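Colleague: I would like a close look at one part of this protein, the nonpolar interior. Please take me through it residue by residue.

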Amino acid sequence: MNTLKAEKRSMDVKAKKLRREGFVTGNVFGREMEGSLPVKMQKSDVERLLKTDHKGSQIMLNVDGKDYDVLIKEIQYNSMAARVDEIDFQALVSDEKVNSVAEVILENHDKVAEGVVQLLVSEIPYKAYPADLVDSVKIDVGQMHVGDSVKVKELEIAKNSRIEIAEDPEAAVVVVSAVHNTVPAEETEETEEEA
């Protein structure tokens, strides 16, 4: 589990000013916390963390020397400035189920000989205790053929009795479709006229 260092943030300083100074702002909230805890993190630390972790990841957040077992709940990305502006964390309690998402990762994509692999569901929403949290779901598509699909109920995460899936079990997560390289009828007629 990765650790991210943070400092308690004074609400006297505006978030815009902190971002200009190289910080990412955020909040920590949880059942056993009074209100939320405003924090600020170094932008470089956040960027390093987000190379391996994402929304739904469980990490250790160290706020001024105190460790919090947290879930990354929300990431606000500013696409105009190409940076993360804010991250919200949920402090985990061992006996409380939390809502989270597991990212779907396709493996051996390049081994599919025919057809096009289509990812229809990129995140699986679920509810679980902190000990059962899942970061990602890997699907090996290397042996799939045209017409094959993988449904939510076939995933490892759905077979875990301690995890409540919040997605239709019959929903297709990934399918392999035939490639249709058809030329529109108008183009065909024009070509014949030119000839």
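How many aromatic pairs does the structure hold? And which residues touch the most other members of the largest nonpolar core?

Modeller: A caution before the details: this is a predicted model. The structure holds 0 aromatic pairs. An aromatic ring does appear in another kind of contact. The charged end of Lys40 sits over the ring of Phe23. The distance to the ring centre is 4.6 Å.

Now the core. The largest nonpolar core has 25 residues. Ile124, Ile139, Leu155, Ile157 and Val173 touch the most other members. Four elements give two or more residues each to this core: β7 (98-107), β9 (123-128), β10 (136-140) and β13 (172-177). There is also a second, separate core, with 20 residues. Val24, Met33, Val46 and Ile87 are among its members.

Back to the largest core, and to Ile157. This residue lies in helix α3, which covers residues 156-159. Is Ile157 buried or exposed? Its relative accessible area is 4%, and buried means under 20%, so Ile157 counts as buried. Set aside the neighbours within four places in sequence. Ile157 is then in contact with Ala102, Ile124, Tyr126, Val134, Val137, Ile163 and Ile165. Ile124 also belongs to the group that touches the most other core members. For a distance to check on screen, take Ile157 and Lys138. They are 19 residues apart along the chain. Their C-alpha atoms are separated by 9.8 Å.

Ile139 is the next one to click on. Leave out residues up to four places away in sequence. Ile139 then touches Val104, Ile105, Leu106 and Glu107. Val150, Leu155, Val173 and Val174 are also on its list. Of these partners, Leu155 and Val173 are themselves among the residues that touch the most other core members.

Now step back to the whole chain. Its secondary structure comes to 4 helices and 13 strands. The radius of gyration is 22 Å, well over the 16 Å that the globule rule gives for 195 residues, so the chain is more spread out than a compact globule. The C-alpha atoms fill a box of roughly 75 × 45 × 25 Å along the principal axes. Of the 195 residues, 37% count as buried. Take the contacts with a separation of 6 or more. Residues 24 or more positions apart account for 62% of them. The chain exposes about 11900 Å². Carbon and sulfur atoms supply 46% of that area.

How values were computed. Residues are numbered from 1 along each chain as its sequence is written. This is a predicted model: local features need pLDDT of at least 70, side-chain atom pairs count only at pLDDT 80 or more; totals for chains, interfaces and linings use all residues. Side-chain values use heavy atoms; hydrogens and water are left out. A nonpolar core is a set of buried Ala, Val, Leu, Ile, Met, Phe, Trp, Tyr and Cys residues joined through side-chain atoms within 4.5 Å. Buried means under 20% relative accessible area, exposed over 50%, partly exposed in between (1.4 Å probe, protein chains only). Contact means heavy atoms within 4.5 Å. Rings of Phe, Tyr and Trp (its six-membered ring) pair if their centres lie within 6.5 Å; planes under 30 degrees apart count as stacked, over 60 as edge-to-face and the rest as tilted. A charge sits over a ring if NZ of Lys or CZ of Arg is within 6 Å of the ring centre and within 35 degrees of the ring normal. The radius of gyration is taken over C-alpha atoms; the globule rule is 2.2 Å times the number of residues to the power 0.38. Accessible areas come from the Shrake-Rupley method with a 1.4 Å probe; for residues, only the protein chains shown count as cover.
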